[in-house]
Amino acid sequence: MVGKSNNPEPDLAVQLGSVRLANPLLTASGTCGYAFELNDFGDISQLGGFVTKSITLEVREGNPPQRTFETTAGMLNAIGLANVGLERFCEEKLPLLKRMPMPVFVNVAGKTIDEYVAVCRRLNEIEHISGLEINISCPNVKQGGITFGTEPRAINELVGAVRQSCPGTLLIVKLTPNITDITVAARAAIEAGADALSLVNTFLGMAIDIETKEPVLGNRTGGLSGPAIKPMAVYMVNRVYEQVTRGTGVPIIGMGGISCAADALEFIIAGATAVAVGTAAMIDPQCIAGIVEGLKQYLSRHGLTCISQLTGTLR
Amino acid sequence: MENKTKKATPRRGEYTARVIEQRKFGVGHKILCLELEGTAAKCFGRARAGQFVQIACRDLADQRRPVPLLRRPFSIAGLHPGGPDKQDCLSLEIIYRIIGPGTKWLERCLSGDILNILGPLGNGFTLGQDPKKRAILLGGGIGLPPMFFLADQLAQSGYGERVAFAGARMKSHLEGTIDTRTISSQDLLTPQMHLEQFKRSNTGCIIATDDGSAGYCGNITQVLEEFLEKNSQWQEGQIYACGPDAMLKAVAELALKRDMPCQLCLEAYMACGIGVCQSCVVPVQNSNNSAEEENSPETKQYKLVCTHGPVFDARSIVWDKLEAKD
């Protein structure tokens, strides 16, 4: 270990399809808003890429409160894709995102295939957007979202339609873990033209107020995130990597409970090319810089020159 | 460019704060004093009453114990100069109720411990447009702390006369701050220096307890109603209030009925506190709020308590919907 100090700075760059990231750390959609919210608290320029909150065609108010609830080492949320809608996103949020030094990916959600296509087509015209993340896994809305994400045929149709409407764009498909076999969904997305997969969205959950016997969340159920889900998310990434993507070369963006470099490294070793930090960035925006630094230190310590060597090295 | 941004005092940030002391406030409540230095002190020097901090109630560096996961929001109860040998420091006062794992962890903190805080967050009270306007401060239960800070700021800014109303379930909840010698049964409606935290800004206070164990027996709106009937000069006043939703709703109705301007500081279940997670929504009227529409995702009906608020104009809140969630 001692003799490694002469090594040059390890290379953290990774390739997501056609897009190069200076390091593998992204934000998980929805947990870092439209980026400017975090500006006062942490150095987000350290990120390899930024993924926005879900954008839908029309403005969405979101679900009735209560929308979040803390569980043991986790957080349940049922926000319901509250967002400003496509037009206001383009007018108000995009100018700030355009100033970001790293690639920006916009997460897209919708109720129908036509809606997804309309939003993607519009965003595809914007130069500074490096790619689109298709959310087919939101557990908190009645129409769209997860209903597209659990049926291989629906995934195929939706991703295929978006692919056709945005031929040259990097297309990331975000999958739900709330499915019997996630490899089926992964295959369907890749067959329809996905360039990368985001694994995973939140796990469905519920919390009950035992005094009133009512669910705590206004939406009754929500999606669980945070450290509590990390082992399950690592498992899903590894399963998809070994059974689906290792052969195809489609990169995985691993996420679910990452709050430090060690967490990120587990996902990478399991098979992820890039990783995303969500709940943790919201609690401690400064963790972003810490994770990037921790990755560098790990590579130096293990005598690795670039982080892409580490993907899928699980023994 | 970089130097420029470094020189300017940031509006808010993630800072460390040193625990100076903790002492009892009332049964089940504590006062926590934190020392802020350097940029944090400068930044908080501009904080306004009604703003809050998000405290990590755990060691963020200890990844194996991410419990309690989320930060906990606390109103700023006061900001005091650091003392003669610590002129670039600021002492930040928080008053909290020991209620769950976060506040239990906080209670165990000792002098010298370092906490990680985000702040100052949200938008505070707007001090009256008319400096001569009388200020009526209402604080119910754990809604009292921002009122203490507001009284300080009104006093420092040289605004007009002010009176505070402090509501609590029972006397013991105010123990440690209440001066029972000043309370007599004859003049329950005369403002007196009953509470330590109001006394420091020379703010007279009227106390109401649910069980009548101190001051007026009844709720804070009833006592305000009676006070206004007997002291018509206060009917022109500006109302500032913080407390449980039921109290705020009653205060809002009173203000509307009497056509008095009224600002409410709301509480909501919060995750991030910085406008990202979209958890802490409050239903609002859809009209004439365009001045506030700037940062966070705007929706037709909901506003975020953390970034649009926590202070709202009483007329903008849709109470039926707020109650429906309970």
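In this predicted model, strands S5(A) and S6(A) form a hairpin with two residues between them. Ala73(A), in the turn, has a positive phi of about 55°. The two strands, S5 (residues 68–71) and S6 (residues 74–77) of chain A, run antiparallel and are joined by four bridges. Phe69(A) has Leu76(A) in S6(A) as its bridge partner.

**Chain A**

The hairpin belongs to a chain with nine helices and 16 strands. The radius of gyration of chain A is 19 Å, close to the 20 Å given by the globule rule for 315 residues, so chain A is as compact as a globular protein of that length. Its C-alpha trace spans about 60 × 50 × 40 Å along the principal axes.

Chain A also contains an open sheet of eight strands with parallel pairing, in the order S3-S16-S15-S10-S9-S8-S7-S4. Strands S3 (25–27) and S4 (50–51) of chain A stand at the edges with a single partner strand each, so one side of each has no neighbour in the sheet. Within this order, S8 (residues 129–135) and S9 (residues 170–174) of chain A pair in the parallel sense over five bridges. Ile172(A) in S9(A) is the bridge partner of Glu133(A). Strands of a sheet pair through backbone hydrogen bonds, in either the parallel or the antiparallel sense.

**The two chains side by side**

The table lists like items for each chain.

| Item | Chain A | Chain B |
|---|---|---|
| Helices and strands | nine helices, 16 strands | eight helices, 16 strands |
| Buried residues | 57% of 315 residues | 51% of 326 residues |
| Contacts with a separation of 6 or more that join residues 24 or more positions apart | 72% | 67% |

**Domains of chain B**

The domain assignment divides chain B into domain 1 (2–121) and domain 2 (135–267 + 310–324). The centres of these domains, taken over C-alpha atoms, are separated by 25 Å. In the contact between them, 15 residues of domain 1 of chain B meet 17 residues of domain 2 of chain B. On the domain 1 side, the elements that give two or more residues are strands S1 (13–26) and S6 (90–97) of chain B. S1(B) gives the most, with three residues. By class, this side of domain 1 of chain B has seven nonpolar, five polar and three charged residues.

**Contact between the chains**

The contact between the chains takes 35 residues from chain A and 31 residues from chain B. The chain B side divides into 17 nonpolar, seven polar and seven charged residues. For the complex, the predictor gives an ipTM of 0.92 and a pTM of 0.92.

**Confidence in chain B**

Chain B averages a pLDDT of 88, and 90% of its residues score at least 70. Among the elements of chain B, strand S3 (residues 52–55) has the highest mean pLDDT, 98, and helix H1 (residues 2–7) the lowest, 50.

Which stretches of chain B have a pLDDT that stays under 50? One is residues 1–5 of chain B, for which the model has zero contacts beyond four places in sequence. Another is residues 288–300 of chain B, for which the model has 21 contacts beyond four places in sequence. Where pLDDT is low, the predicted coordinates should not be read in detail.

Conventions: Residues numbered from 1 in each chain as written. Chains lettered and ligands numbered in written order. Predicted model: local features only at pLDDT ≥ 70, side-chain atom pairs only at ≥ 80, totals over all residues. Rg over C-alpha atoms; globule rule 2.2 N^0.38 Å. Buried ≥ 20, exposed ≤ 12 C-beta atoms within 10 Å, placed from the backbone. Contact = placed C-beta atoms within 7 Å. Domains from an automatic or database assignment. Nonpolar A, V, L, I, M, F, W, Y, C, P; charged D, E, K, R; others polar. Pairing = 2+ DSSP bridges. pLDDT = per-residue confidence, 0-100.
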